[in-house]
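Reader: I am new to this structure. Please take one part of it and look at it closely. Where does it sit, and what surrounds it?

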Amino acid sequence: MQWFRNILVPIEGDPAQQPVLARAVQLAGRSGAAIRLVAVVEDFPWYTQVVLPNADEIMSALVRERSEALDHLAAQLGRDGVEVSTDVLRGRRRIELVREVLR
């Protein structure tokens, strides 16, 4: 019986210390589901653009760093036979997670 086809796992902070990830891997193993690891990077407030002229570069570096961390985590899980995809979203966390579920 296949309970789940896809499991969305929001990753916040250090990807290596995510207790929900172990549960998601367990569920994916039992049901044959794919795991989608998602990190959300919230955009800087508008006034940050005024104060920091290189805010776009900082944001790009932050997105790249999160993406690399998720890819590393996905590679580890992939070695265990779990199908894993990753994505870094930009925006408000709650809204972006709901959008991802709807997709």
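Author: Start with one residue. Leu 21 counts as buried, because its relative accessibility is 8% and the cut-off for buried is under 20%. Keep in mind that this is a predicted model.

Leu 21 belongs to helix 1, residues 19-31. Its C-alpha atom lies 6.8 Å from that of Val 9, although the two residues are 12 apart along the chain. Val 9 is part of the covered face of strand 1, together with Ile 7.

Now take the helix as a whole. Helix 1 has 13 residues. From first C-alpha to last it reaches 19 Å, close to the 18 Å expected at 1.5 Å a residue. Leu 21 has company on the buried side: the buried residues of helix 1 are Leu 21, Ala 24, Leu 27, Ala 28 and Ser 31. They lie on the same side of helix 1, because they cover an arc of only 125° around the axis.

What do these buried residues pack against? Their partners are strand 1, strand 2 and helix 3 (55-79).

The other face of helix 1 is another matter. Turned away from the buried side, it carries the exposed residues Pro 19, Ala 22, Gly 29 and Arg 30. Just after the helix comes Gly 32, with a positive phi of about 75°.

Next, the strands. Strand 1 covers residues 6-10. Its covered face holds Ile 7 and Val 9, while Asn 6, Leu 8 and Pro 10 make up the uncovered one. Strand 1 runs parallel to strand 2, and five bridges join them. Two residues of the uncovered face show the pairing. Asn 6 has Ala 34 as its bridge partner in strand 2. Leu 8 has Arg 36.

Strand 2 spans residues 34-41. Seven of its eight residues are buried, so the rest of the structure largely encloses it. On to its pairing with strand 3, residues 84-90. These two strands also run parallel, joined by seven bridges. Here Val 41 stands opposite Arg 90 of strand 3.

Put the pieces together. Leu 21 is one of the buried residues of helix 1. Those residues pack against strand 1 and strand 2, as well as helix 3. Strand 2 in turn is bridged to strand 1 and to strand 3.

How values were computed:
Residues numbered from 1 in each chain as written. Predicted model: local features only at pLDDT ≥ 70, side-chain atom pairs only at ≥ 80, totals over all residues. Heavy atoms only, no water. Helix = DSSP H or I, 4+ residues; strand = E, 2+ residues; numbered from the N terminus. Buried < 20%, exposed > 50% of the residue type's maximum accessible area, 1.4 Å probe, protein only. Pairing = 2+ DSSP bridges. Expected span 1.5 Å × (residues − 1). Arc of directions from axis to C-beta. Contact = heavy atoms within 4.5 Å.
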